[in-house]
Amino acid sequence: MLKHGALLSFEEFLTEFRSSRHGQFIMAPSLDEVLGVITKKGIKHVRFEYLDTNAVSRSKTIPARHFEEFAQHGIAFPIVLFFADPLANIAVDSDLYKYLYADLAFHPDLSTFVSLPWAKNTARVYVSGDKVRATGDTILTDSRVILQHQLKALEERGLSIFSTYEYEFWVVDETTREPITDGVNCYSTLRLREFFDRVSECLYGAGVNIECVETEYAKGQFEITMQPEFGIRCADNAATLRTGIKEMATQEGFIASFMAKPYEDEEGGSAHLNHSLWSLDGKSSKMADPSRPHGLFEIAEHWVAGLLAHAPALSFIQSPTLNCRRRFKQGTFAPFNASWGMDNRTCAVRVKGIGPNGGYLENRMGSSAGNPYLGLAATIAAGIDGIDRKLPLEPPQPFNRVAEMEDGPALLPTNLEGALKAVKTDAVIMKAIGPDMVNAIEHIRLMERKTVSPGNEYESYRKLYFDYI
């Protein structure tokens, strides 16, 4: 491992890999190098971790002395966790029920190995898998594998994606369950400075470069943004951020939640996906072209048109819980139709920063409860379809006008039936996410709906989602 002719230590290599804008092009460390870091840093435990269907972190913690064995031969997780809700209740009507007692074989991605500053003597490595251990059958239930397939499809077209999520979430007192800030005074000076200083520093130590933390437009609500990365690291960073914030909150007597809308009278929580298209080598932006009517390259126009064409299905993959549907209302900060605009917060796709130095897109259809791997995978699939079919882009909404019902070619679904229909009739999104995953999401939601008390929906939603999402 060389940098300008000088030999890098492994820790320097990891720092370079995680901070580099083009980190995806650096070779992953060898197993021997990882074992060396385990010894040098005195790591005693290693989590083999992934996000389940509901964006809940699942893991097995392995004593470090056994890391080499599991790294070489893989590790098994029950398939049932992919058709279970956040509380691990099983959706027995799912087509995946035939795998109730079977395991999926997972293997670690050593490039994601990192020591966790908030967990003493503990490291984490993300794992991926798509093979049923007993039969060798391939099933698409692991969201990380689903995203890898879409990134490969993008690569085949000579493109890469540079992206990041911005998350809104809630922090409440662990004992009283009351939000730790009052009112809607967004961007006011942060009251939990010491806590969020620790969050920012610890996440940076785990390879996640935080750009900004701020209060948001609801009681106890905060927003946190990360610097973008190429490829899968966007979603890996989002997974690290979500789990890290939740763990650090419990250490301080709080509960942090990425539930979409915990309180009926408050704004919901989003997970906007900021992204831009680049050449495969990551050197040339494919976004801004000042000579064109909308200031976008033709390929970027087709990409946006693809997002809008698949917006109803895309919105459900990015906002998949029962509670997420409560966000999509006219007159709020959440979009409700398939519209786009220049710096227009009411649109599904907001174009930002277009100028001589480039620009990027903000996909605003995601809620904070969505799985970041699936959200990015579905976005790529929709954009690729727009490029492949050379879909034309309709004129944008003016930046100072609220998107209205007639402005978009399609409304975003506001109930479960509409959302499921949108996904199941969208061949592009169905192929990208896969029938196994869509079936699991469908039957988890149908099962959860049976537990919701009429007239007391929000208490039911909080029981389903608040603590684990």
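## A nonpolar surface patch

Ile 90, Val 92 and Tyr 97 together make a nonpolar patch of about 240 Å² on the surface. The model that shows this patch is a predicted one. Tyr 97 sits in the loop that runs between β5 (75–78) and β6 (103–108). Its relative accessibility is 36%, so Tyr 97 counts as partly exposed.

## The chain as a whole

The protein chain has 469 residues, and 60% of them count as buried. Its secondary structure comes to 13 helices and 17 strands.

About 19,200 Å² of the protein chain is exposed, with carbon and sulfur atoms supplying 50% of that area. Among contacts with a separation of 6 or more, 73% are between residues 24 or more positions apart.

## Helix α12

Helix α12 covers residues 435–449, which is 15 residues. From the first C-alpha to the last, α12 reaches 21 Å, close to the 21 Å expected at 1.5 Å a residue.

Eleven of the 15 residues of α12 are buried, so the helix is largely enclosed by the rest of the structure. The buried residues include the nonpolar-named positions Met 437, Val 438, Ala 440, Ile 441, Ile 444 and Met 447. Asn 439, Glu 442, His 443, Arg 445 and Glu 448 are also on the list of buried residues. Several other helices help to cover these buried residues, including α4 (143–156), α8 (311–318) and α9 (372–388). The cover also includes α10 (416–424), α11 (427–433) and α13 (457–465).

## Ala 235 in helix α6

Ala 235 belongs to helix α6, which spans residues 233–251. Ala 235 counts as buried because its relative accessibility is 0%.

Leaving aside residues up to four places away in sequence, Ala 235 touches Leu 147, Pro 372 and Tyr 373. Thr 164 is 71 residues from Ala 235 along the chain, yet the C-alpha atoms of the two are separated by 7.6 Å.

## His 294 in a loop

His 294 lies in the loop between β14 (271–279) and α7 (298–309). Buried means under 20% relative accessible area; the value for His 294 is 18%, so this residue is buried.

With residues up to four places away in sequence not counted, His 294 touches Glu 301, Trp 340 and Met 342. Leu 393, Glu 394, Pro 395 and Pro 396 are also touched by His 294.

Notes
Residues numbered from 1 in each chain as written. Predicted model: local features only at pLDDT ≥ 70, side-chain atom pairs only at ≥ 80, totals over all residues. Heavy atoms only, no water. Patch = residues over 30% accessible without salt bridge, like charges linked within 9 Å, V, L, I, M, F, W, Y side chains within 5 Å. Areas by Shrake-Rupley, 256 points an atom, 1.4 Å probe, with all protein chains shown as cover. Salt bridge = Lys/Arg side-chain N within 4 Å of Asp/Glu carboxyl O. Helix = DSSP H or I, 4+ residues; strand = E, 2+ residues; numbered from the N terminus. Buried < 20%, exposed > 50% of the residue type's maximum accessible area, 1.4 Å probe, protein only. Contact = heavy atoms within 4.5 Å. Expected span 1.5 Å × (residues − 1).
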